[in-house]
Amino acid sequence: MEFLLAIMTGVLYAAGLYMMLRRSLVKLIIGLIIIGNGANLLIFLLGRITKGAPPIIPGDTKFFADIYADPVPQALILTAIVISFGLQSFAIILVKRAYQVVKTDDLDEMNTIEEEV
Amino acid sequence: MLLAILIGFFAALSQLLFGKFMKGKLSILLSLVPLAFFIFFVQYIPAIAAGEIVTAKHTWVSSFGVDLDLRLDGLALLFSLMITGIGTLVFIYTSAYLKNHPMLDRFYGYLFIFMAAMLGLVLSDNFLAMFIFWELTSISSFFLIGFNNTNPDSRKSALTALSITGIGGLLFLAGGLLLGEVTGTYQISQMISQNELLVNHSLYVLTVALIFGAAFTKSAQFPFHFWLPGAMKAPTPVSTYLHSATMVKAGIYLLFRLSPVLGNSDFWNNTLLIVGGITMLYAAFHTLFRTDLKGILAYSTIAALGILTFLIGLGTKESFIAAAVFILVHALYKATLFLMTGAIDLYTGTRDVTKLSGLHKVMLPIAIAGGLAAISNAGIPPSIGFIGKDLIYESTLHFRHNATLLTTLAILTNILIGYAGYVAGVKPFIGRTPTGLEKVTFPHPAIWIPPVILGVLGFVFGLFPSLVEASLIKPIVATTGVDTSDIHIKLWHGFNTVLGLSAITIISGIALYFIWKPNATKRYFIQRFDKLSPKFIIETLADWFESFSDLWTRIFQNGYLRNYITVIVVFLISLVAFTLLNNTTYQIDYSSFSKLTIYEVVSLCIMILAIGFAVFTKSRLAAVAATGVMGYSICLFFVFYSAPDLAMTQFAIDTLTVILFVLVLYKLPRYLNLSDYKTRVKDGIIAIAFGGLVSILALEVLAQPQNNEISSYYAENAYVLAHGKNVVNVILVDFRGIDTMVEISVLAIAAIGVFGLLKLRLKSEERKQQ
């Protein structure tokens, strides 16, 4: 399974990068989202994956008796998901504003418009 | 002494605040500051003459070896007296020369900065502190050259001067650091004892080359001399003060100061001899073809600096005496000539020597000053110039080898310099007064008194050389570490070879003056060779450099996001791939991987489909929906692999993003097909390479052993220390609570941004409605 997940991470990175290289601003943001998901998956995978053992201490004990999933990557990813939401929502609204002003979501046209102003 | 430097800087600052009140008649009062410094330094003459050295140590940044170690010895004293003495006269002169100039306060401010920096430069014993002052003199010089900032020529000259002396400053720093590395100290006075170590060190040639670079750029030696004629765009007081008497001698000062440290080697002496020799002949020859008074003086200044470099290059006791005397001689007569030129320019409106004559009728004191300076310049007795020239000939005649050649060079240069002196100091005043110049007003006392004082001083010192012998010259030569008890400077040496050579020089100079008349044709003749001059070559190089950086910037900073990403990613891929190909053995241990179940395979397939759809669909909404599906499948993986918190967060956030996206974007048109097939294939290849790299790296990392120290710490202490059972939550809100708080603030800022953007839209719509 790890092998397939590693390949999957690669696919996410490739798709994200490809979208980021497009001229459309919307595609750029979608690319950003995809690559963000890829990064999350990469961290998750590199922290080693464990099945059916969430890092929650069982009800009446003070320590883990059995194996447990690594909590540190999970904490990192949780933070990353939330932060990327902040970034994405801001970017989406920015695209909306930019589209209203310049009537295009083509990055190249935006460049020239900026120079003309 | 530190106080003197600081007062200088404070005086500059005060110009900023009180300059407005000092612009008028009060401006002459500012000369009291340098005058006070002058008197302050004069007090030290008896002590220095007795062989003492006054020091003052002020710690600054000791950990870096930068301290304000001030050290007043003979050499520093001569320069301090020139800086403050000539400074006083220049300050007085300026009050009349730039009378009612709207920027007079600024001008005085720059002059104060320069004076303080120059004092700091000659008084510093610490190399790094000296570097700071060295740079400050370059910067103040830049502002003073570009003082007429509405004139493009002035601005260009200022920039040229700054870039040349600025490069020199960097070389100075590099050389100083090397010196510090080799000797283990930045104090020049302590380096002297390590002369042998330095000369035999493997870094010696590099160190000396760097120091030479600094000195030659500052003191306008060939081939860096060209900034100095350009610097004549500055108002005349500046040319007098910075570009003949003091600042340009900073390089000479440095060479003189470091002679006992770095000298005593063939490389040091021969380079200085050659560079100094070329500079003095080249520049002296150029004076023949100039018609602008300041241009003539600029080239004769370069020639004089060449002589000084040449003398330091000889490196004998006699040559050091000659250099010490000549520094003083040159400062006195050249400052006089410049002040005189300024007076002529101010009252007649021209500096063209071909148009000037007979001015003695209208400005007699200036004519006297010019004449005195020309005599001292030509080395005619009984001026101090005569002594200076004699000493030069003595040192060349008694040199170990090539004495005849060196003496001939010195004689030729002196003849030409003498000629330049006559043209500048005598020609404008004699002969018939041309019409138009008869009604010239008599100069203001502040204009004619300073040059007369300097001109007369040249004769006083000439007639009574004992005035400077014990007080200045002996202590200066003593800084090179030789015995000075047998030095006797005299006007009359009796009939000998040197006297004969002197006579030849004087007579040839006068003869040349009568034979060779400067005119515009000759100036044009020499200008034809400008294409071969170092100035042209260095400017061309600078232009090339500029176009190169322009090209470079256009390639890499072209404003297209995708190009930046491409460059960064391709570079990254090649770098990592190179390492991977060379150093890695691929070992994937399949046995350690967990087994596949049908749920996972299905989720993977959904995910691949969603990604494919998101990338290749023609509809924005479909792409957004596909992104959502992709997010949900990742969510499923989090569920499978024991991360319930992540699954919940991912699910919520993904839903929110898709809703937001749809709400904002559903009005936008369909995608346009913006890129051609070729670009897409190219981008595709880059993307796949990048993805492949990430996969390989992930597998490689998985093959490495894992360190669980941090995780087990959190797991063991989650309940014991923080009383929480969900370890992920405990990490976020307890162990790393402050991080989470900062994260929340980031979200808040993003929210404010979103809100602001939405509000902005409302306003602009309102504007449209009106």
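What follows is a chat between a biologist and a modeller about how to read this predicted model.

Biologist: Before we start, what should I know about the numbering and the confidence limits?

Modeller: Residues count from 1 along each chain as its sequence is written, while chains are lettered from A and ligands numbered from 1 in the order in which they are written. Since the model is predicted, local features need pLDDT of at least 70 and side-chain atom pairs count only at pLDDT 80 or more, whereas totals for chains, interfaces and linings use all residues.

Biologist: How many helices and strands are there in chain A?

Modeller: The elements are DSSP runs numbered from the N terminus: helices are H or I with at least four residues, strands are E with at least two. Chain A has four helices and zero strands, so its order from the N terminus reads α-α-α-α.

Biologist: What does the radius of gyration say about chain A?

Modeller: You take that radius over C-alpha atoms and set it against a globule rule, 2.2 Å times the number of residues to the power 0.38. For 117 residues a compact globule would come out near 13 Å, but chain A has 20 Å. The spans of its C-alpha trace along the principal axes are about 65 × 30 × 15 Å.

Biologist: And what share of chain A is buried?

Modeller: Burial is a neighbour count, with C-beta atoms placed from the backbone: 20 or more other C-beta atoms within 10 Å means buried, 12 or fewer means exposed, and in between is partly exposed. By that count, 55% of the 117 residues of chain A are buried.

Biologist: Which stretches of chain A carry the "transmembrane region" annotation?

Modeller: A note on UniProt features first: positions are given in the numbering used here, names are shortened, and annotations may be inferred rather than shown by experiment. The unreviewed UniProt entry puts that label on residues 6-21, 28-49 and 75-95 of chain A. In the model, residues 6-21 are 94% helix and 0% strand, with the end C-alpha atoms 23 Å apart. Residues 28-49 are 86% helix and 0% strand, and there the end C-alpha atoms are 30 Å apart.

Biologist: How many residues from each chain make up the contact?

Modeller: Two residues are in contact if their C-beta atoms, placed from the backbone, lie within 7 Å. Chain A puts in 74 residues and chain B 82. On the chain A side, α1 (2-20), α2 (25-46), α3 (71-102) and α4 (107-116) each give two or more residues, and α3(A) gives the most, with 23.

Biologist: What is the chemical make-up of that side of chain A?

Modeller: The classes are simple: Ala, Val, Leu, Ile, Met, Phe, Trp, Tyr, Cys and Pro are nonpolar, Asp, Glu, Lys and Arg are charged, and the others, Gly among them, are polar. The side touching chain B has 50 nonpolar, 13 polar and 11 charged residues.

Biologist: Can we zoom in? Why does Thr657(B) count as buried?

Modeller: Thr657(B) counts as buried because it has 21 C-beta neighbours inside 10 Å. Its place is in helix α28 (644-665) of chain B. Leaving out residues up to four places away in sequence, Thr657(B) touches Phe85(A) and Gln88(A).

Biologist: How does the span of helix α29 of chain B relate to the expected one?

Modeller: The expected span is 1.5 Å times one less than the number of residues. Helix α29 (677-703) has 27 residues and reaches 39 Å from first C-alpha to last, close to the expected 39 Å. Its buried residues include Phe690(B), Val694(B) and Leu699(B). Among the elements covering the buried residues of α29(B) are α1 and α2 of chain A, together with α25 (561-583) of chain B.

Biologist: Which backbone oddities should I look up in chain B?

Modeller: Start with the cis peptide bonds. One runs from Phe222(B) to Pro223(B), with omega near 0°, and Pro223(B) lies in the loop between α10 (204-218) and α11 (227-231). Another joins Pro381(B) and Pro382(B), with omega about 5°; Pro382(B) is in the loop between α17 (364-378) and α18 (384-397).

Biologist: What about phi at His723(B)?

Modeller: His723(B) has a positive phi of about 55° although it is not a glycine. His723(B) is in the loop between α30 (709-722) and α31 (727-735), and is exposed, with 10 other C-beta atoms within 10 Å.
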